[in-house]
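Visitor: I have a model open and would like to go through its fold with you. Could we take it step by step?
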Amino acid sequence: MGQELTDPADIRQDVGQFSLRCSLLVPGSVEHAFAVFTDELTDWWVTEYTWSGPDALAELGMEPRAGGMLYELGPYGFRADWGRVLTWDPPRRLVFVWQIGPDRAPVPDPARASEVEVLFHAEGPERTRVELEHRHFDRHGEAAEGYRKALTAGWHELLTRYVATVSRHRPTTTA
């Protein structure tokens with residue numbers, strides 16, 4: 001996997017029966033933190049979590065608008081849409097539907113999918129608090145609690161990689 005990792009203690013998680021909340025600090029402005037989260041998914045997402053897999057994945061992306069899709073591009077023109085943007089409010093807030101089921105199958109009906117909200121708060125000129133809530137696991141039916149438990153570990157891994165990518169891709173400032 002080859003990406004440097006942050007101290008796992010730096011990501012705080014709080015779980016409810018049908019929700020998960022994560023909070024972390026990243027270096028840089030809210031604009032930078034938002035841009036890395038939304039524009040550089042391919043750089044921080046765990047490629048083993050994709051349908052294409054690490055050897056065939058071409059791109060992960062997010063169409064930057066309400067109604068835009070979260071998608072994966074793979075070999076031979078393969079495209080899988082796995083989420084839909086509900087709220088696009090850069091650089092402060094992003095909400096999207098998580099249309100991947102507990103069995104890793106697509107969930108076409110957004111009313112049966114969970115939801116992710118990500119907030120970006122300035123903690124000074126060069127630090128940003130990122131708060132992520134993955135909620136409505138109950139919409140996934142009987143597997144909801146097990147899915148929430150699995151994604152608690154999954155989001156910890158993803159956010160650890162996200163922090164490393166934010167740190168690596170920090171814009172340089174000139175005096």
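Visitor: Which residues does UniProt list for the domain "Activator of Hsp90 ATPase homologue 1/2-like C-terminal"?
Guide: The UniProt record, an unreviewed entry, lists residues 29–161 for that domain. Please note that the model itself is predicted.

Visitor: How much helix and strand is there over residues 29–161?
Guide: Over that range the chain is 24% helix and 33% strand. The C-alpha atoms at its two ends lie 18 Å apart.

Visitor: On to the sheet. What is the strand order?
Guide: The sheet is open and has eight strands, in the order β1-β2-β8-β7-β6-β5-β4-β3, with antiparallel pairing.

Visitor: And which strands are at the edges?
Guide: They are β1 (12–15) and β3 (59–62), each of which pairs on one side only. From one strand to the next, the twist averages 20°.

Visitor: How many bridges are there between β6 and β7?
Guide: Six bridges pair β6 (residues 93–98) with β7 (residues 114–122), in the antiparallel sense. Within this pairing, L94 stands opposite V118 of β7, and V97 stands opposite E115 of β7.

Visitor: What about β7 with β8, how many bridges there?
Guide: Eight bridges join β7 to β8, and these two strands run antiparallel. F120 has V130 in β8 as its bridge partner. The hairpin of β7 and β8 has four residues between the strands, and G124 in this hairpin takes a positive phi near 120°.

Visitor: Now the helices. Which strands does α1 lie across?
Guide: Helix α1 lies across β2 (19–27), β3, β5 (79–89), β6, β7 and β8 (127–135). Its direction is at about 155° to β7.

Visitor: And which strands does α3 touch?
Guide: Helix α3 packs on the sheet and touches β1, β2, β6, β7 and β8. The direction of α3 makes about 10° with that of β2.

Visitor: At what angle do α1 and α3 cross?
Guide: The axes of α1 (residues 30–39) and α3 (residues 144–168) come within 10 Å and cross at roughly 125°. That angle makes α1 oblique to α3. The crossing is right-handed.

Visitor: Which residues make that contact?
Guide: On α1 they are H32, A33, F34, V36 and F37, and on α3 they are L159, Y162, T165 and V166. By class, the contact has seven nonpolar, two polar and no charged residues.

Visitor: Let us turn to the backbone. Is the peptide bond from P90 to P91 cis or trans?
Guide: That bond is cis, with omega near -5°. P91 is placed in the loop between β5 and β6. As a general point, most peptide bonds are trans.

Visitor: Is the phi of Y76 positive or negative?
Guide: The phi of Y76 is positive, near 60°, in a residue other than glycine. Most residues other than glycine have a negative phi.

Visitor: Where is Y76 found?
Guide: Y76 is found in the loop between β4 (69–73) and β5.

Key:
Residues numbered from 1 in each chain as written. Predicted model: local features only at pLDDT ≥ 70, side-chain atom pairs only at ≥ 80, totals over all residues. Heavy atoms only, no water. Axes fitted to C-alpha atoms, helices over the stretch in contact; angles between N-to-C directions. Parallel < 35°, antiparallel > 145°, perpendicular 65-115°, else oblique. Left-handed = near helix turned anticlockwise from the far one by under 90°. Contact = heavy atoms within 4.5 Å. Nonpolar A, V, L, I, M, F, W, Y, C, P; charged D, E, K, R; others polar. Pairing = 2+ DSSP bridges. UniProt positions renumbered as here; feature names shortened; annotations may be inferred.
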